[in-house]
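Here is a short briefing to read alongside the model. Take a look at the sequence and the fold before you go on.

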Amino acid sequence: MPAMVNSQLPGGSPPRACAGCGGRIADRFLLFSMDRYWHTRCLKCSCCQAQLGKIGSTCYSKGGMVLCRDDYIRLFGHSGACSACGQSIPANEMVMRAQGNVYHLQCFTCATCRNRLVPGDRFHYVNGTIFCEHDRPGGGSGTLLSGHLPPLQGNTVLPDQKVC
C-alpha cells in the first residue's frame, strides 16, 4: 500500500533514493511502498502505467510487478487464486479465464468428462461450472454462454501471460 510521506527528514538524514529510477528524491513528498521509497511519478502500474499515488492508496505486487487494483484482478482474479482448485496462481503462469474467474491451465476442465478445454473450444458456463460443448446441461437446447471464442473479447477463454 503506498503511503505519502514528507521527504523533509528530521535530523539531517540523507536523502532517499527512488526504488523506481534510482535517483535522489528531492521532492517535498515521496511514496513509501513495499518497504521502499519512490518518487510519486515513479510508482506506476507495470501494466497500464498509471501513477499509483494518484489513483488510490493501494497497490499490489506479484512476481516482481507493481500493479493497480484493476490490473491485479484482471491478471490474477480477486483472490489471486484459481477458481477451481483454490491454489495460488504464480505471476508468470499462463491462465484461462471465464466470466471473470481465473483458472490454472490444467484446472480449466469440463465438470462432466474432465477433458481440459483450450482456447478456441466451445464451452458452457452454468452457475460457476464449466462444461464442454458435448456435456452441457439440458442437452441440445441449453444456452451457450460463451460461443466460439474470438480473440480479446470480454468473456473469452484466452491464455494470459505475465506481460501486459
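The notes below go from the whole chain to a hairpin, a loop residue and the cysteines.

Please keep in mind that this is a predicted model. The protein chain holds 2 helices and 9 strands, and buried residues account for 33% of its 164 residues.

**Overall layout**

- Reading from the N terminus, you will meet the elements of the protein chain in the order β-β-β-α-β-β-α-β-β-β-β.
- Among contacts with a separation of 6 or more in the protein chain, 31% link residues that lie 24 or more positions apart.
- The exposed surface of the protein chain comes to about 9300 Å², and 50% of that area is supplied by carbon and sulfur atoms.

**The hairpin of strand 8 and strand 9**

- Strand 8 (123-126) runs antiparallel to strand 9 (residues 129-132), and 4 bridges join the two.
- Across this pairing, Tyr125 has Ile130 of strand 9 standing opposite.
- The hairpin leaves 2 residues between its strands, and Asn127 adopts a positive phi near 50° there.

**Thr109 in its loop**

- If you follow the chain from strand 7 (101-104) to strand 8 (123-126), Thr109 is in the loop between them.
- Thr109 counts as buried because its relative accessible area, 17%, falls under the 20% cut-off.
- Setting aside neighbours within four places in sequence, Thr109 is in contact with Arg114, Asn115, Arg116 and Leu117, and also with Ile130.
- Ile130 is thus worth a second look: this residue touches Thr109 and stands opposite Tyr125.

**The cysteines**

- How many disulfides does the model contain? The count is 0 when sulfur atoms must lie within 2.5 Å of each other.
- Cys82 takes part in no disulfide, and the nearest cysteine sulfur, belonging to Cys107, is 3.8 Å away.
- Why is Cys85 without a bond to its closest cysteine sulfur? That sulfur, in Cys82, lies 3.8 Å from the one in Cys85, which is too far because a disulfide requires a pair within 2.5 Å.
- Is Cys82 buried or exposed? Cys82 is buried, since its relative accessible area is 4% and the cut-off is 20%.
- Cys85, by its relative accessible area of 36%, is partly exposed, because this value sits between the 20% and 50% limits.

Key. Residues numbered from 1 in each chain as written. Predicted model: local features only at pLDDT ≥ 70, side-chain atom pairs only at ≥ 80, totals over all residues. Heavy atoms only, no water. Buried < 20%, exposed > 50% of the residue type's maximum accessible area, 1.4 Å probe, protein only. Contact = heavy atoms within 4.5 Å. Areas by Shrake-Rupley, 256 points an atom, 1.4 Å probe, with all protein chains shown as cover. Pairing = 2+ DSSP bridges.
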